[in-house]
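I opened my notebook beside the structure and wrote down what I looked up, one entry at a time. Here are the pages, lightly tidied for a colleague.

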Amino acid sequence: MKKQADSNKYSTIHYHSYLALDKILDAQNLRSEAIGEPAHEEMLFIITHQAYELWFKQIVHEVESILKMFGDEQVDEHSVGTVISRIERIEKIMDLLIKQIEVMETMTPLDFLDFRNYLFPASGFQSFQFRMVESLLGLPEKERITYNNHHYAAFFPKEQQEQLDAIYANGTLFDAVEKWLERTPFIQFGEFAFLESYEVAVDKMVRKEQEAIKNSSYLSEDEIKMRLKMLGSKDTYFQSVLDKDIHSKLKSEGKLRFSYEATVAALFINLYRDEPILHLPFKLLSKLMEIDGKFTTWRYRHAQMVLRMLGKKIGTGGSSGHDYLNETALKHKFFGDLHNISTLLIPRSELPELPNNLKRELSFSFTSK
């Protein structure tokens, strides 16, 4: 009996049936043809958006697998490389989605107008999978730009609304990364206190640069004032990491999202990225920022395509069209806190020297008997 089951497991399958091509290739139903006024370009419009949905499904698949790996209190270090490779895959998918806009732009505005009136009230805003992608990555609900003053999930059936709520309740990728960062060791290691050393280094760097600006022979007084303002000081943006209370205040105002501990850890990883054990954590944080950038690029290119196609007309779903899409490109971010870390970086030449015992912990040490 077992032999029979094993043989079934390896039974042959045809390419056509394996990919369910009958279902896929039968799924392009042109409304213009049904109405009796066939528009050639509607096929391109449908296939492009169906391809988007397939890739959204793949992104959901990747992020859910990453969340499982981050689900344990102790993340297996073997998993970090896999997480990075899957985030890189999402990044490459986003490259494809951006390129697809170029294919769509082979359709002219007049071509689109041949069938646009048949699309009302359908809208890309109604893509449940894209809302899943945004939620899984960690777009904050309260920061979402409303669609015609409605909650972002208002147009979905109750079951789908509950699925989106469950994502936030169970934890997003943002939440998982925050918890992972909070567990970073080395911030306090024996007599070495990272933040104390960092504060001394910042103070030294700022004073040195202030002196160089003030003593410059080619800057005017106004330019000196501007340069000093741009430089900042320990009492400006560095306070968000040097003073936990200020960080809490900025977080309560919605200007920061990461916890204080996660922010300090991300700063430590960025500053000491050259230490062997921190290579992968730094790469992970870098890839998350790249994902953010790719989504922003995609949103912006989408907005520009809509502007080219429709000008200032309203969207088929009743939104403000280009203006709505452009605003999402500006404001919908997943990992803005990681970009904020760049504000806190100091030159390598000013980095506090790590004690030898900590450097050993951050290296790959081998002993032979």
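**Entry 1: phenylalanine 186**

Does phenylalanine 186 count as buried or exposed? I looked up its relative accessibility, found 13%, and noted phenylalanine 186 as buried, because the cut-off for that word is under 20%. I should say here that I am working with a predicted model. I placed phenylalanine 186 in the loop between helix H10 (173-182) and strand S1 (188-189). Its backbone made me look twice: phi is positive, about 80°, although the residue is not a glycine. I then listed its contacts, leaving aside neighbours within four places in sequence, and got Phe192, Phe268, Leu358, Glu361 and Leu362. I also took one distance across the chain: the C-alpha atoms of phenylalanine 186 and histidine 14 are separated by 55 Å, with their positions 172 residues apart along the chain.

**Entry 2: alanine 20**

I went on to another positive phi in a residue other than glycine, and noted alanine 20 with a value near 50°. I found alanine 20 in the loop between helix H2 (15-18) and helix H3 (21-25). Its relative accessible area is 31%, so I wrote it down as partly exposed.

**Entry 3: the chain as a whole**

I stepped back to the full chain for a while. I counted 19 helices and 2 strands in its secondary structure. The C-alpha atoms fill a box of roughly 75 × 70 × 35 Å along the principal axes. For the accessible surface I got about 21400 Å², and 54% of that belongs to carbon and sulfur atoms. Of the 369 residues, 42% are buried. I also checked the charges: there are 46 positive and 54 negative ones, and their mean positions are 2 Å apart.

What share of the contacts between residues at least 6 apart in sequence join residues at least 24 apart? I got 75%.

**Entry 4: the nonpolar core**

In soluble globular proteins, nonpolar side chains tend to be buried together. With that in mind I looked up the largest nonpolar core and found 98 residues in it, with Leu173, Leu181 and Tyr198 having the most contacts inside. Helix H16 (residues 279-310) gives the most to this core, namely 12 residues.

I followed up tyrosine 198. Not counting residues up to four places away in sequence, tyrosine 198 touches Phe238, Val241, Leu242, Leu267, Leu271, Leu344, Ile346 and Pro352.

**Entry 5: histidine 247**

Where does histidine 247 sit? I found it in helix H14 (residues 244-252). Its relative accessible area is 1%, so I have it down as buried. I looked for a polar partner and found the backbone oxygen of phenylalanine 258, which the side chain of histidine 247 reaches at 3.4 Å. Phe258 turns up again in the contact list, where I also have Ser240, Leu256, Ser259, Tyr260 and Thr263, once neighbours within four places in sequence are left aside.

**Entry 6: helix H6, two residues**

I looked up two residues of helix H6, which runs over residues 77-104: glutamine 100 and glycine 81. Glutamine 100 has a relative accessible area of 15%, so I noted it as buried. A polar atom of its side chain lies 3.4 Å from the backbone oxygen of threonine 48. Beyond residues up to four places away in sequence, glutamine 100 touches Thr48, Ala51, Tyr52 and Trp55.

Glycine 81 is at 32% relative accessibility, so I wrote partly exposed. I also took its distance to leucine 267: 21 Å from C-alpha to C-alpha, for 186 residues of separation in sequence.

**Entry 7: proline 140**

My last page is on proline 140, found in the loop between helix H8 (128-137) and helix H9 (158-170). Which residues does proline 140 contact, leaving aside its neighbours within four places in sequence? I listed Tyr168, Arg257 and Lys333. At 9% relative accessibility, proline 140 counts as buried. Its C-alpha is 9.7 Å from that of threonine 172, and the two residues are 32 apart in sequence.

Conventions:
Residues are numbered from 1 along each chain as its sequence is written. Side-chain values use heavy atoms; hydrogens and water are left out. Helices (H or I, at least four residues) and strands (E, at least two) are DSSP runs, numbered from the N terminus. Buried means under 20% relative accessible area, exposed over 50%, partly exposed in between (1.4 Å probe, protein chains only). A polar contact is a pair of N or O atoms within 3.5 Å; within protein, one must be able to donate a hydrogen and the other to accept it, and residues adjacent in sequence count only if both atoms are side-chain atoms. Contact means heavy atoms within 4.5 Å. Accessible areas come from the Shrake-Rupley method with a 1.4 Å probe; for residues, only the protein chains shown count as cover. Lys and Arg count as positive and Asp and Glu as negative; His and the chain ends are not counted. The place of a charge is taken as NZ of Lys, CZ of Arg, CG of Asp or CD of Glu. A nonpolar core is a set of buried Ala, Val, Leu, Ile, Met, Phe, Trp, Tyr and Cys residues joined through side-chain atoms within 4.5 Å.
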